[in-house]
Amino acid sequence: MIQYEHSLPATQGRSQGSRRTLIEEDQLEFHAPEWYPTLVAKAETQPLAAIKSLRSLGIASHTNPWFDHAFGVALLIRQRPHQALRYLSTAQQFFSALGADLHVLHCRRAQLFGRYLLGEGMSLQTAWLELINAYEKVDQPLEAARTQIQRGMHLALNGRKAEALALVNTPALKDCIEHTGSELDQARWRHMCGVVYTYAGMYAQAGAAFSQALPMLIRQRKLPEVVRCLFDRAWLWQRLDLFAAAVSDTQRARQLACKHRLVYLVAACTKNYGLALSRVGRYGDALELLISAQRMYKHLQHPKYVLGCQLNTAIIMHYGGFYQDALAIYKQLELAYAAQNLPAMRMDCQFNQAIVLIDHNTAEHATAAIELLTSIYADVVDLASRNDLADYHYLIALAYSKLGQTAAALEAFDTAVQLFDLCHNEPKAAECRFEIGLVYLEQGHIDRAEHAFTAVETYFASRPHLAWRSAYARARCAMARYQWGVALNAFQQANSLVALLRLSLIDEHTSSQIFMQATAMYAQALELALSQGNIETALSFSEEQRALTLLNSLKRSGLQHRHLLTSALVDTSSTSAHIPSILRSQQRNTLVNRQSQLAAFDLKQFRARCRQRFKRWMALVYLNVQDTLFIISITATDVDVATAPLTASNRDLLEQASSQQHELYMYGGIDNSRLQKISQLLLPPAVQSQLHPDQHLLIVPVGAMHRLAWAALYTDRGRLCQQAYLQIIPSLRLWQVAKPAPPQQHGGLFVGCSLFQDAELEPLDFVSAEWQVLQQQPLPFHALDAQTLSSTQLETLSANGQLSAYRIFHIASHGQLVADSEEQAFIALTADRLRYSDIAQLKLDGMLVILSLCQGAAATVLSGEEIISLNRAFLAAGAAGVIANVWSVDDELQPQMVELLYQCMQEHSDSVIALAHMQRRWLERHADEPAMLQPLIWAGFSFCGFGQ
């Protein structure tokens with residue numbers, strides 16, 4: 001952001017009068033020394049190397065203005081503003097004493113940039129304007145224009161969007177940069193335009209500006225500015241809901257900033273990386289990053305950006321549905337920003353409060369949102385840009401719509417559309433028109449609604465992440481005309497588009513985030529199908545959305561797409577005109593390819609496969625629609641539906657039964673009344689009457705039920721594991737298409753870790769006892785050396801096909817699953833960790849995996865039935881099934897459980913049957929020992945997968 005002339009103009013010959021008092025003429029070379037221009041240029045590309053070169057000159061600081069100026073510039077580029085300001089101030093005094101007016105101005109500009117880095121607010125604008133006037137007085141229009149660029153960035157980042165936009169639209173300024181500036185000047189100009197356009201909501205212009213600026217900055221080797229440009233472009237991607245691109249750009253910027261120790265940019269990137277991750281559902285990681293960024297800003301003495309971290313934390317609380325917590329933080333920040341005289345940021349907090357109130361979806365909160373927005377209208381008009389004013393009308397329209405005040409809502413929506421159109425904010429204008437269509441439907445004006453939806457159809461069709469909305473609109477219109485068949489067909493199209501889009505994305509979190517946007521569509525589709533008695537269509541809707549990331553991994557094409565997409569997004573040398581066009585093109589091609597690859601759920605085919613596999617069988621599929629739980633039971637001849645109310649007490653009961661915090665309360669005591677209530681809720685009489693001890697029961701859970709200990713549920717004839725062979729499957733469709741396991745030639749592979757270099761992990765005494773049990777089995781087991789084993793070694797064994805040669809992969813160690821973050825889910829090795837993502841990349845080809853560790857079957861359930869769980873990671877790697885415990889294992893009893901399991905596996909080749917008999921035999925053996933009958937001991941074990 002800093003550019004200098006490297007010698008004094010001839011007209012500024014010698015210092016005069018009092019200017020000679022600071023330094024004698026013979027103590028200073030009047031013209032710049034030979035090393036000066038070289039090292040100043042070096043400072044802007046390699047600041048650390050420039051500092052080392054300057055120190056090697058042997059010049060004492062604060063004795064030579066050329067040295068002090070160059071050293072200050074290098075420190076500034078390295079983002080050490082406090083030190084830089086001292087050197088630049090000394091250099092300015094020297095140059096002022098010599099009458100070197102232009103260099104004085106350069107020093108002043110550098111110091112202003114340092115104060116800008118330190119977070120100085122709008123008071124800095126006066127100094128920018130004074131400096132611009134000073135450059136113009138000495139006939140330096142290009143230097144004035146360069147200073148205007150820095151001023152424009154400062155305006156935009158301090159919320160002065162209208163003033164920043166006016167600056168960008170100044171023809172004389174643009175002409176000066178374009179016709180007399182260097183390529184670097186033009187890159188900086190485009191970067192500033194990108195920032196200003198983003199804040200003004202002019203996203204197409206912003207994207208074009210960034211795509212031009214970034215390659216130019218890379219060619220100029222201006223690393224800090226490359227980092228900042230990536231960082232700013234990521235903010236644009238967030239505004240466009242291109243979350244994968246936002247995560248990728250921010251991550252790349254953060255990596256570069258950390259590598260080159262650009263401390264202010266490290267803090268900024270850490271803060272925004274946290275926000276970007278929250279937009280793809282990774283709330284745990286996001287909060288950790290924000291806490292880290294907040295500490296950095298406190299250390300850097302940046303109170304304004306500490307508040308920014310707290311603001312992002314509130315946004316994450318909002319995304320996560322913690323509305324009251326988010327509101328409380330926003331209100332505190334509103335006062336803090338007011339105290340710091342940052343009215344634009346204070347207004348943003350008030351806007352965010354209104355959004356939270358609207359999202360509460362109650363009349364009381366919608367009324368409060370209207371009152372809040374009305375109270376700040378004058379401030380919005382005075383402080384905000386046209387785009388902010390449009391946002392104001394859009395929010396108040398949403399609030400009126402929630403209250404059923406459709407006339408007021410339509411008037412506000414129309415105003416918002418006009419303003420969004422004026423500032424070329426096409427995404428928000430389209431969103432407004434779509435909402436207008438929904439309001440017309442509420443009024444019963446179907447023709448007007450269809451007209452509004454038609455107006456945005458072309459825009460939605462060009463953006464894969466929005467294309468489903470057009471089909472959803474057609475479904476809603478058909479429902480309003482009582483055309484149930486047409487509506488179901490349109491819902492099917494919308495549902496398929498959402499599913500295909502989710503399959504084209506990077507991971508469970510991104511997939512889940514897309515589903516969250518379509519939750520209302522999905523619920524209405526299921527509700528219509530079920531109300532029409534069309535159970536098979538409801539199953540089709542449900543199956544199309546389940547376990548999509550797992551399906552992607554099993555097909556292996558998803559991994560290749562992930563690498564292609566990521567490389568396209570992080571290739572900062574790309575000269576492509578517009579990265580979103582790359583993303584849209586890739587997604588469109590992927591959708592087309594997957595449309596032909598993915599078979600819809602076929603009930604007839606599913607039944608045929610079940611008949612081939614089992615003598616007796618039944619499938620249970622759970623659907624959660626609004627406040628009703630639908631339980632669909634499928635047998636060889638019938639499909640039945642039962643319902644259960646999801647009252648607040650029932651929801652609480654399910655959460656408790658699925659939570660580790662309540663495992664002792666639910667499964668370890670004598671009082672079984674709570675577990676009996678859950679059993680009655682999930683196993684209606686019609687289902688219980690069809691159960692048989694020799695029957696395979698395929699269970700497709702929903703929501704918190706993925707964490708449930710199913711074996712412990714009660715039936716009218718005993719525990720569920722005593723009345724059926726329980727097999728948890730991710731989805732009917734996935735089980736239907738899963739390939740049978742190939743025959744393995746070898747026995748079992750054992751990985752047992754009992755001692756750990758990580759001091760936080762306690763030694764595990766049961767591991768050695770467990771290995772002794774395995775050595776006694778007829779099936780020969782080979783043990784890998786736990787002392788030297790690493791995740792890299794396992795990856796190598798997998799790549800060579802050595803892992804998949806075994807029938808059983810048995811792991812005994814520590815396990816951990818951290819909610820909302822697959823990166824923190826791991827299995828501990830002696831000196832390493834086998835992480836969730838490492839596991840999913842293994843090649844297991846139909847093995848049975850047995851996890852003798854804590855939380856092996858525990859799960860984080862994301863929207864859209866995307867599951868983060870260690871056992872799911874092994875399924876993604878190709879395992880036929882995983883036997884694991886949803887809770888912590890008992891160190892003393894675990895070897896006994898394992899021994900009993902392997903005894904049952906000798907008697908039954910089907911591991912699902914073997915597990916059921918293990919649990920039944922345990923209950924029989926300890927019938928007279930109440931303490932050993934607690935479900936906490938035996939019921940946490942489950943089989944998840946497709947079977948062998």
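**Close-up views of a predicted model**

**View 1. Aspartate 139 in an exposed loop position.** Aspartate 139 counts as exposed because its relative accessibility is 62%. The model is predicted. Aspartate 139 sits in the loop between helix 6 (123-137) and helix 7 (141-157). Its phi is near 60°, a positive value in a residue other than glycine.

**View 2. Aspartate 845, with positive phi.** Aspartate 845 is not a glycine, yet its phi is positive, at about 45°. The residue belongs to the loop between helix 42 (836-840) and strand 14. Aspartate 845 counts as partly exposed, because its relative accessibility is 31%.

**View 3. Strand 17 and its two partners.** All of strand 17 is under cover: 5 of its 5 residues are buried, so the strand is largely enclosed by the rest of the structure. Gly881, Ile883 and Asn885 are buried on one side. Val882 and Ala884 are buried on the other. Strand 14 (residues 848-852) runs parallel to strand 17, and 3 bridges join the two. Strand 18 (residues 941-945) runs antiparallel to strand 17, with 5 bridges between them. Valine 882 takes part in both pairings: valine 849 stands opposite valine 882, and valine 882 stands opposite cysteine 944 in strand 18.

**View 4. A negative surface patch that includes aspartate 890.** Glu762, Asp765, Asp890, Asp891 and Glu892 form a negative surface patch. Aspartate 890 lies in the loop that runs between strand 17 (881-885) and helix 44 (894-907). Its relative accessibility is 38%, so aspartate 890 counts as partly exposed.

**View 5. The open sheet of strands 11, 12 and 13.** Here 3 strands form an open sheet in the order 11-12-13, with antiparallel pairing. Strand 11 (815-816) and strand 13 (833-835) stand at the edges; each has a single partner strand, so one side of each lacks a neighbour in the sheet. Strand 12 (residues 826-828) is joined to strand 13 by 3 bridges. Isoleucine 827 has leucine 834 of strand 13 as its bridge partner.

**View 6. The hairpin of strands 2 and 3.** Strand 2 and strand 3 form a hairpin, with 4 residues between them. The two run antiparallel: 7 bridges join strand 2 (residues 628-634) to strand 3 (residues 639-645). Phenylalanine 630 has threonine 643 of strand 3 as its bridge partner.

**View 7. Helix 29, largely enclosed.** In helix 29 (residues 535-545), 10 of the 11 residues are buried, so the helix is largely enclosed by the rest of the structure. Charged residues Glu543 and Glu544 are among the buried set. So are Ile535, Leu539 and Phe541. Just after helix 29, alanine 547 takes a positive phi of about 50°.

**View 8. Glutamate 663 and proline 935.** Glutamate 663 is found in helix 35 (residues 663-667). At 16% relative accessibility, the residue falls under the 20% limit and so counts as buried. Glutamate 663 and proline 935 are 272 residues apart along the chain, with 9.5 Å between their C-alpha atoms.

**View 9. The arginine 219 salt bridge.** Arginine 219 forms a salt bridge with glutamate 183; the closest N and O atoms are 2.6 Å apart. The pair links distant parts of the chain, 36 residues apart: arginine 219 is in helix 11 (residues 203-219) and glutamate 183 in helix 10 (residues 183-200). Glutamate 183 counts as partly exposed because its relative accessibility is 28%. A search of the whole structure finds 25 salt bridges.

**View 10. A salt bridge within helix 12.** The side chains of arginine 228 and aspartate 232 meet in a salt bridge, at 3.4 Å from N to O. The two residues are 4 apart in helix 12 (residues 223-239), so about one helical turn separates them. Aspartate 232 counts as buried because its relative accessibility is 7%.

**View 11. A salt bridge between helices 21 and 23.** Aspartate 391 and lysine 428 form a salt bridge, with the closest N and O atoms 2.7 Å apart. Aspartate 391 lies in helix 21 (residues 386-402) and lysine 428 in helix 23 (residues 426-443), so the pair ties together parts 37 residues apart in sequence. Aspartate 391 counts as buried, at 14% relative accessibility. Lysine 428 is partly exposed, with a relative accessible area of 22%. Elsewhere, salt bridges that share partners join Arg109, Glu143, Arg146 and Asp185 into one network.

Methods:
Residues numbered from 1 in each chain as written. Predicted model: local features only at pLDDT ≥ 70, side-chain atom pairs only at ≥ 80, totals over all residues. Heavy atoms only, no water. Patch = residues over 30% accessible without salt bridge, like charges linked within 9 Å, V, L, I, M, F, W, Y side chains within 5 Å. Areas by Shrake-Rupley, 256 points an atom, 1.4 Å probe, with all protein chains shown as cover. Salt bridge = Lys/Arg side-chain N within 4 Å of Asp/Glu carboxyl O. Charge placed at Lys NZ, Arg CZ, Asp CG, Glu CD. Buried < 20%, exposed > 50% of the residue type's maximum accessible area, 1.4 Å probe, protein only. Pairing = 2+ DSSP bridges.
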